Amino acid sequence: MIRRALVVGALATTVLAGGAASAHALVLGIADQKPDMFTDPLFKSMDVRYARLAVSWDAMEHPWEVAEVDQWMNAARRAGVEPLIGFGHSRVNRRLLPTPSRYKYDFQLFRQRYPWATTFSTWNEANHCGEPTCHRPQLVAAYYLQLVRACRACTILGAELLDMPNMTSWVDAYRKHLGASRSPRYWGLHNYIDANRLRTTGTRRLLAHTTGQLWFTETGGIVRRNNVDKVTFPESTAHAAVATRWLFDKLVPLSRRITRVYLYQWNAVSSDNWDSGLVDPHGRSRPALTVVRAEQRTLMARAARRARAQAKG
């Protein structure tokens, strides 16, 4: 599967205070593609309640894909994990884009098979030019409207964006097509560049060009990449821990609108061309996981203090 196709988990829902933003609710997530993560004792020791899974828009049309999604969805459900489903390119024909009506049809097939899933993202990394949607923001906007109409009770992200130079122009065209009255209430951002270059540029740009909540649906510190045309920055387990700390200390506090963070990925696989694992290929915890655990403890302590204060009030 594609490196960032599926994102899997979350640690806790709690309260974050401090930094540039006032106190606001934050969900911490872990991203990974592999359903066996749910049975990993180390993963189970985390307080997992949420998950992200990215699937092909036509996954329900192919029995082999249905079987894969079944494994992940059923494992998540057994673990008590609530999924966020992000749709993306077909794995049969990457360049094929459905009409809005066909997109809605396939979405309804997905809902029929997994009716407990109620949180969806319209398209994964929609502005990435490896995606057929790179120059089609109006079409993704049409897909978004189909999701909203097909499931009024669902939470729908307008799109998930990668923090690339074309991000804001893509979003502007998308929103212009929809009109201000129909602008999405939720957006997803994959801000690997901000996190790993220790900057805030991309995240600030997307905040300035959108309204509503902003979820980091994929992010994290990178240990190793073998993919071509890489953005340059250090790569190591130590760097990944620094980037993860930057994420919590500098990126999340930028705005009260940032309410979810899904970290990619849980555990690394030696043969993959991408490694941002919190756990190494041998199942051993890495420094970045120590950062995440410390953040989780801090958030839970702050939530407990806030709950006690509210009870007294």
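The second largest pocket in this predicted model is lined by 14 residues, and those that lie nearest its centre are Tyr-144, Val-148, Cys-154, Ile-156 and Arg-185. About 250 Å³ of space lies in that pocket. If we sort the residues of the lining by character, they divide into eight nonpolar, two polar and four charged. Helix H4 gives the most to this lining, with four residues, and H4 and strand S6, residues 155–157, are the elements that each supply at least two.

Let me move from there to strand S8, and in particular to Tyr-186, which is found in that strand. Is Tyr-186 buried or exposed? Its relative accessible area is 15%, and because the cut-off for a buried residue is under 20%, Tyr-186 counts as buried. Leaving aside the neighbours within four places in sequence, Tyr-186 is in contact with Thr-155, Ile-156, Leu-157 and Gly-158, and also with Gln-213 and Trp-215. Ile-156, you will recall, is one of the residues nearest the centre of the second largest pocket. Arg-102, by contrast, is 84 residues from Tyr-186 along the chain, and the C-alpha atoms of the two are separated by 23 Å.

Strand S8 also brings us to helix H5, since S8, residues 186–190, is among the elements against which the buried residues of H5 pack, the others being helix H4 at 137–150, strand S7 at 160–162 and helix H7 at 201–208. H5 itself runs over residues 167–178, twelve in number, and reaches 17 Å from its first C-alpha to its last, which is close to the 16 Å expected at 1.5 Å a residue. Which residues of H5 are buried? They are Met-167, Thr-168, Trp-170, Val-171, Tyr-174 and Leu-178. Seen down the axis of H5, these buried residues fall within an arc of 155°, so they line one face of the helix. The general background is that an α-helix has 3.6 residues a turn, so residues three or four places apart point the same way. After H5 comes Gly-179, whose phi is positive, near 90°.

Finally, helix H7, where the buried residues are Gly-202, Thr-203, Leu-206 and Leu-207. Viewed down the axis of H7, they fall within an arc of 135°, so here too the buried residues line one face of the helix. The buried residues of H7 pack against H5 and S8, and in addition against helix H6 at 192–197, strand S9 at 213–219, helix H8 at 237–251 and strand S11 at 258–264.

Technical notes
Residues are numbered from 1 along each chain as its sequence is written. This is a predicted model: local features need pLDDT of at least 70, side-chain atom pairs count only at pLDDT 80 or more; totals for chains, interfaces and linings use all residues. Side-chain values use heavy atoms; hydrogens and water are left out. The expected span of a helix is 1.5 Å times one less than its number of residues. Buried means under 20% relative accessible area, exposed over 50%, partly exposed in between (1.4 Å probe, protein chains only). The arc is that of the directions from the helix axis to the C-beta atoms. Contact means heavy atoms within 4.5 Å. On a 1 Å grid over the protein atoms alone, a cavity is a set of points where a 1.4 Å probe fits but cannot get out, and a pocket is an open set with protein on both sides within 12 Å along at least five of seven lines; lining residues have an atom within 4 Å of a point. Grid points are joined across faces, edges and corners, and a volume is the space filled by probe spheres set on the points. Ala, Val, Leu, Ile, Met, Phe, Trp, Tyr, Cys and Pro count as nonpolar, Asp, Glu, Lys and Arg as charged, and the others, Gly among them, as polar.
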